[in-house]
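Please walk through this protein with its charged side chains, its cysteines and its empty space in mind.

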Amino acid sequence: MTENRHGGDIYAADLTAQPLDFSASINPLGMPESVRKAAQAALSGCVYYPDPLCRKLRAAIAQRENVTEDQVFCGNGAADVLYRIMLACKPKKILLPAPTFGEYAQAAQLAGSEVVSFPLQEQNNFDLTEAFWDAVTPGIDAVILCNPNNPTGRMIPKWLVRKGMERCAEMGARLIIDTCFHDFSDKPEEIRLTDCMADNANMILLRSFTKMYAIPGIRLGYCLSADTKLLESLYDMGAPWSVSVIAQACGIAATQDMALPAQTRNYIAAQRAYLQDGLRELGFTVIPGQANYLLCKNEMIPDLVQKMRKRGILLRSCGNFTGLDERWFRVAVRTEAENFVLLHALRECRDDLIMECSDDSFVKGCNSYRKK
């Protein structure tokens with residue numbers, strides 16, 4: 001049977017109760033009341049087909065993003081939009097950093113594209129450097145980046161992205177930038193790219209309501225591009241009516257909520273620091289992330305993800321990310337109480353292992369696991 005490749009799998013048969021889910025990076029403040037009310041009010045409209053062109057939603061997004069309506073395309077989540085882009089462009093060869101979100105490679109393979117991976121270095125916190133753009137050579141048709149990157153949480157500064165725009169334009173490559181976690185970063189205005197769209201028609205920005213507005217079950221994402229001809233073609237790259245009546249209503253309500261992102265950023269910044277310090281005190285390596293999740297390396301406890309799962313806590317194993325192995329895991333930044341529970345459970349898990357063996361054998365075990 002096909003396995004779930006992502007976090008957020010609360011439906012598995014071995015979970016007998018509602019788990020504490022740190023495997024999906026969703027706003028811990030939850031769905032705004034305005035969005036909840038919009039979903040409820042939209043139920044009566046479900047007797048009709050949804051607007052296949054998402055006209056009111058696109059108008060609301062365009063106003064918020066300061067772009068034109070024809071520069072917006074909406075889909076059934078950012079993943080749906082990504083797959084449509086790949087099918088529309090059909091690039092022969094795509095450059096991806098590693099590690100990064102695995103769905104990029106999946107979408108590329110569906111479109112028949114060859115994936116070229118560029119390894120990022122752990123000793124540099126997996127930061128993207130100028131050397132990445134040197135790998136955009138003739139024959140590379142597209143480049144996909146995630147900013148902040150998933151699962152590392154590291155941001156790419158705007159000056160470095162601009163270098164990439166110039167390099168991709170020179171090589172005739174499409175530049176696709178996933179900014180779904182953009183609003184969780186401390187200073188999103190420093191990496192905002194909508195002001196670069198007019199001069200970079202080869203650039204596409206992926207966006208989502210899922211994370212910030214805590215509506216992963218509703219499915220709503222969009223992309224922005226000055227290449228309006230490409231956006232028009234996306235309607236033919238998947239099923240019609242992909243954005244439901246409820247999703248469109250929720251999106252319109254979300255665009256009107258200007259307070260939530262700033263409130264969330266302040267909360268995330270404090271809790272991320274608390275969680276990062278706590279994880280390091282327990283002996284985990286933590287990449288200093290700049291989003292609402294942290295990438296960690298476990299060199300102490302075998303089968304950590306499964307051990308925590310038995311305690312009713314879900315972590316995101318990163319063993320299926322190119323460039324990482326089973327020692328790596330990702331944790332979402334959640335509420336203060338939930339983060340405390342996570343750290344307490346991890347401490348118990350570590351201490352249980354120490355109790356099972358002598359200090360000497362624990363050290364030897366850690367060294368053995370570290371060498372894997």
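In this predicted model, K158 is buried, with a relative accessible area of 16%. K158 forms a salt bridge with D195, and the closest N and O atoms of the two are 3.0 Å apart. The pair links distant parts of the chain, since K158 is in helix 6 (residues 158-171) while D195 is in the loop between strand 6 (174-178) and strand 7 (203-208), 37 residues apart. D195 itself counts as partly exposed, at 49% relative accessibility.

D195 has a second partner. The side chains of R162 and D195 also meet in a salt bridge, at 3.9 Å from N to O. This pair too links distant parts of the chain: R162 is in helix 6, D195 is in the loop between strand 6 and strand 7, and 33 residues separate them. R162 counts as partly exposed because its relative accessibility is 39%.

Another salt bridge joins D227 and R174, whose side chains meet at 3.0 Å, N to O. Here D227 is in the loop between strand 8 (221-224) and helix 7 (228-234), and R174 is in strand 6, 53 residues apart. R174 is buried, with a relative accessible area of 19%. Elsewhere, a network of salt bridges links E122, K297, E299, D325 and R327. A search of the whole structure finds 20 salt bridges. Side chains of opposite charge can pair when their charged atoms come close.

How many disulfides does a search of the whole structure find? The count is 0. C180 is in no disulfide, as the nearest cysteine sulfur, that of C146, is 7.2 Å away. C180 is buried, with a relative accessible area of 9%. Why does C250 not bond to the closest cysteine, C46? The two sulfurs are 10 Å apart, which is too far for a bond. C250 is buried, at a relative accessible area of 0%.

Next comes empty space. The count is 1 cavity of 30 Å³ or more, and the largest cavity has a volume of about 80 Å³. Its lining includes C146, L145, F126 and R154. R154 is 140 residues from L294 in sequence, yet their C-alpha atoms are 9.4 Å apart in space. L294 is in strand 10 (residues 293-297) and counts as buried, at 0% relative accessibility.

The last stop is the surface. Y274, F340 and V341 make a nonpolar surface patch of about 280 Å². V341 is found in helix 11 (residues 336-356) and is partly exposed, with a relative accessible area of 39%.

Conventions. Residues are numbered from 1 along each chain as its sequence is written. This is a predicted model: local features need pLDDT of at least 70, side-chain atom pairs count only at pLDDT 80 or more; totals for chains, interfaces and linings use all residues. Side-chain values use heavy atoms; hydrogens and water are left out. Patches are made of residues with over 30% relative accessible area and no salt bridge: like charges are joined within 9 Å, nonpolar side chains (Val, Leu, Ile, Met, Phe, Trp, Tyr) within 5 Å. Accessible areas come from the Shrake-Rupley method with a 1.4 Å probe; for residues, only the protein chains shown count as cover. A salt bridge is a side-chain nitrogen of Lys or Arg within 4 Å of a carboxyl oxygen of Asp or Glu. Helices (H or I, at least four residues) and strands (E, at least two) are DSSP runs, numbered from the N terminus. Buried means under 20% relative accessible area, exposed over 50%, partly exposed in between (1.4 Å probe, protein chains only). A disulfide is a pair of cysteine sulfur atoms within 2.5 Å. On a 1 Å grid over the protein atoms alone, a cavity is a set of points where a 1.4 Å probe fits but cannot get out, and a pocket is an open set with protein on both sides within 12 Å along at least five of seven lines; lining residues have an atom within 4 Å of a point. Grid points are joined across faces, edges and corners, and a volume is the space filled by probe spheres set on the points.
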